[in-house]
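Take a moment to turn the model around on your screen before reading on. Then let's walk through it together, one part at a time.

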Amino acid sequence: MTDKKKLQIAIGKRIKVLRESKNIQQQDVAAACNIEKSNFSRIEAGNTNPTIYTLSKIANRLSVSLSELLYFEKTKK
């Protein structure tokens with residue numbers, strides 16, 4: 001697996017953890033960010049490379065800073 005793919009997966013997992021901890025549905029985040037729910041699902045699954053602007057909109061909807069959204073433990077593999 002490439003470093004890029006690992007990063008996409010880590011970001012997606014972080015978004016999902018934050019979203020679920022706040023009991024927010026995928027469709028609610030997607031709608032607030034003006035993106036399709038299917039695209040948001042791909043972001044959470046790590047199957048797409050979201051822009052920094054998209055990540056910023058997601059962070060705003062989740063009421064976290066962009067740095068908090070991108071804070072995750074680096075895994076060794």
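Here is a tour that goes from the overall fold to a few individual residues.

**The whole chain**

First things first: this is a predicted model. The chain's secondary structure adds up to 5 helices and 0 strands, so if you read the elements from the N terminus on, you get α-α-α-α-α. Along the principal axes, the C-alpha atoms fill a box of roughly 35 × 20 × 20 Å.

How does the radius of gyration compare with that of a compact globule? For 77 residues, such a globule would come out near 11 Å, and the chain has 12 Å, which agrees. Of the 77 residues, 31% are buried. Now look at contacts between residues at least 6 apart in sequence: 62% of them join residues at least 24 apart. As for the outside, the accessible surface is about 5,300 Å², and carbon and sulfur atoms account for 49% of it.

**Helix 4 and its two sides**

Helix 4 spans residues 52–61, and Thr54, Leu55, Ile58 and Ala59 are buried there. Why do these four sit on the same side of helix 4? Because they cover an arc of only 140° around the axis. The general idea is handy to remember: an α-helix has 3.6 residues a turn, so residues three or four places apart point the same way.

Flip to the other side of helix 4 and you'll find Tyr53 and Asn60, which are exposed. And what covers the buried residues? The cover includes helix 1 (3–21), helix 2 (26–32), helix 3 (37–45) and helix 5 (66–69).

Tyr53 shows up again on the surface, where Ile52, Tyr53 and Leu70 form a nonpolar patch with about 320 Å² of accessible area together. Leu70 lies in the segment after helix 5. With a relative accessibility of 31%, Leu70 counts as partly exposed.

**A small salt-bridge network**

Searching the whole structure turns up 2 salt bridges. In one, the side chains of Arg19 and Glu20 meet at 3.9 Å, N to O. In the other, Arg19 meets Glu44 at 2.5 Å, N to O. This second pair links distant parts of the chain, with Arg19 in helix 1 and Glu44 in helix 3, 25 residues apart. Because the salt bridges share partners, Arg19, Glu20 and Glu44 are joined into one network.

Buried or exposed: how do Arg19 and Glu44 count? Both of them are buried. Arg19 has a relative accessibility of just 8%, and under 20% counts as buried. Glu20, on the other hand, is partly exposed, with a relative accessible area of 44%.

**Two loop residues with positive phi**

Finally, check out the loops. Asn34 isn't a glycine, yet it has a positive phi of about 60°. Ser63 has a positive phi of about 60° too, and it isn't a glycine either. Ser63 comes just after helix 4. The table puts the two side by side.

| Residue | Phi | Loop | Relative accessible area |
|---|---|---|---|
| Asn34 | about 60° | between helix 2 and helix 3 | 69%, exposed |
| Ser63 | about 60° | between helix 4 and helix 5 | 63%, exposed |

Why do they count as exposed? Anything over 50% relative accessible area is exposed, and Asn34 has 69%, while Ser63 has 63%.

Conventions:
Residues numbered from 1 in each chain as written. Predicted model: local features only at pLDDT ≥ 70, side-chain atom pairs only at ≥ 80, totals over all residues. Heavy atoms only, no water. Buried < 20%, exposed > 50% of the residue type's maximum accessible area, 1.4 Å probe, protein only. Helix = DSSP H or I, 4+ residues; strand = E, 2+ residues; numbered from the N terminus. Arc of directions from axis to C-beta. Contact = heavy atoms within 4.5 Å. Patch = residues over 30% accessible without salt bridge, like charges linked within 9 Å, V, L, I, M, F, W, Y side chains within 5 Å. Areas by Shrake-Rupley, 256 points an atom, 1.4 Å probe, with all protein chains shown as cover. Salt bridge = Lys/Arg side-chain N within 4 Å of Asp/Glu carboxyl O. Rg over C-alpha atoms; globule rule 2.2 N^0.38 Å.
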